[in-house]
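Work through the exercises below with the structure open. Each task is followed by its solution.

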Amino acid sequence: MNGSRCGIYSLVAGLLLLGGVSFGETPEQRDERMEWWREARFGMFIHWGVYAVPAGEWNGKPVKGIAEWIQSKAPITAAEYEPLKDVFNPVQYDAVNWVQLAKNAGMKYIVITSKHHDGFCLWDSAETDWDIASTPYKRDLLKPLADACEKHGIKLCFYHSIMDWKHPDYGVKKPWRGNFDNPEPDMDAYTAYMKAQLKELLTGYGDIGVLWFDGEWEKAWTSERGADLDDYLRAIQPSIIINNRVDKGRKGMAGMNKAGDFRGDFGTPEQEIPHNGFPGVDWESCMTMNKSWGYKASDHNWKSTEQLIRNLVDIASKGGNYLLNIGPTAEGLIPAPSVERLNEMGEWMKLNGPSIHGTSASPLPALDWGRCTMKKTGEKTTLYLHVFQWPENGELMVPGLRAASEALSATWLADGSKAEVLTGPESVAISLPKQAPDAIDTVIELNISGPYEIVHP
Ligand code: FHN
């Protein structure tokens, strides 16, 4: 077998294992557990912690890189970083407002950093004082969010960092941290600490949708520890969904697993959208709205609403989820540019949400005018045609689709009005007005009520 083919087979083998088969769940049980997440397609990522206080600046100077890494990038010793807890006081935090913002944007789940790499905990943990209880704010930040999610039908999920720059037993010490009190870190002790905190999170805030692990890449964390932690967590909440960063299978920022038996329910491309989807494998692209995950005052590199909507559509057209990040300020406010974009995405989703929620990947060949998402209900197939570039010739060709004209009908999704389907023996097209009703993405709902064929070039 030549190298490239062997590589493809081993990648496919790895992808097929990205699905919980390794802990004895049947495909049907997995489908049931993953159903809400696959239907969701769109979630909110929240990176929040004491790093929002410096907000990407230190000693009056901007620090390069993502704001939640300021300890490492500045660098800052532990002795200099810890006093941040004495000024972290998010008195303007309004969890209901955050959940409503996510819901109005068409997001179905929220993943918030319970603990990032700096080890600071957004809840009052019995396992450490390096947490919200040691701040002027004192109160648990996760409980109000859990209550608001429960009330508004949004799934609450936790991001949790395996890498911990603070804990004396975490097995990789950073030189910039300054001298530390434990020359012999004990990863068994650290893993027990992490399990105790995760148990607090899985038993204190109702049903949790996803545990989103991160920081698994250092040598201190092993695949054995990943599998053990995965088993431990699923015993506490059997319906939990866990990403592939609980284990060591992830191949860099592309986010998918290499060959082998690694844990994790979905792949995690980061700051990128795969060129194609991965049939039969769940994945989610996590991306920032500007360039930093944590709040960075000087980062004004905001993606346009057009780009954000087209990212969502592109990802859904390939069968993935879009986890879009916000970085709240130390006062507990979501930056205005983030609010503006989420509200604009919500306006589009109000009219076009059915073309995202509950859809699966496009069956069509690559489209030069936009993207396609699909729904199948019984004998009926619906193709949502997302038109980014409006054809000037007044016709939208649907490449590869072969179906009898009587089986086809189409509407403009935003207002439900009828669209005219033009069919020939070898082609299907939609008649278009001169102007695109929606310059960002006009969606046509094409319903196929009988047999059809898709021919790929
Ligand atoms: O180091 C983290 C980073 O701070 C951020 O949390 C992203 C988003 O998941 N993950 C890691 C970088 O790959």
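A polar contact is a pair of N or O atoms within 3.5 Å; within protein, one must be able to donate a hydrogen and the other to accept it, and residues adjacent in sequence count only if both atoms are side-chain atoms. The model is predicted, with local features needing pLDDT of at least 70 and side-chain atom pairs pLDDT 80 or more, while totals for chains, interfaces and linings use all residues. Residues are numbered from 1 along each chain as its sequence is written, and side-chain values use heavy atoms, without hydrogens and water.

**Exercise 1.** Find which residues come nearest to the ligand, and examine their polar side-chain atoms.

Solution.
- Step 1: His47, Glu68, His117, Asp214 and Glu270 come nearest, out of 15 residues around the ligand (a heavy atom within 4 Å).
- Step 2: Glu68 places a polar side-chain atom 2.6 Å from a ligand oxygen.
- Step 3: For His117, the distance from such an atom to an oxygen of the ligand is 2.7 Å.
- Step 4: Glu270 also has a polar side-chain atom 2.7 Å from a ligand oxygen.

**Exercise 2.** Locate the domains and state how far apart their centres lie.

Solution.
- Step 1: An automatic or database assignment gives domain 1 (8-355) and domain 2 (370-454).
- Step 2: Over C-alpha atoms, their centres are 37 Å apart.
- Step 3: Contact (heavy atoms within 4.5 Å) involves twelve residues from domain 1 and 15 residues from domain 2.
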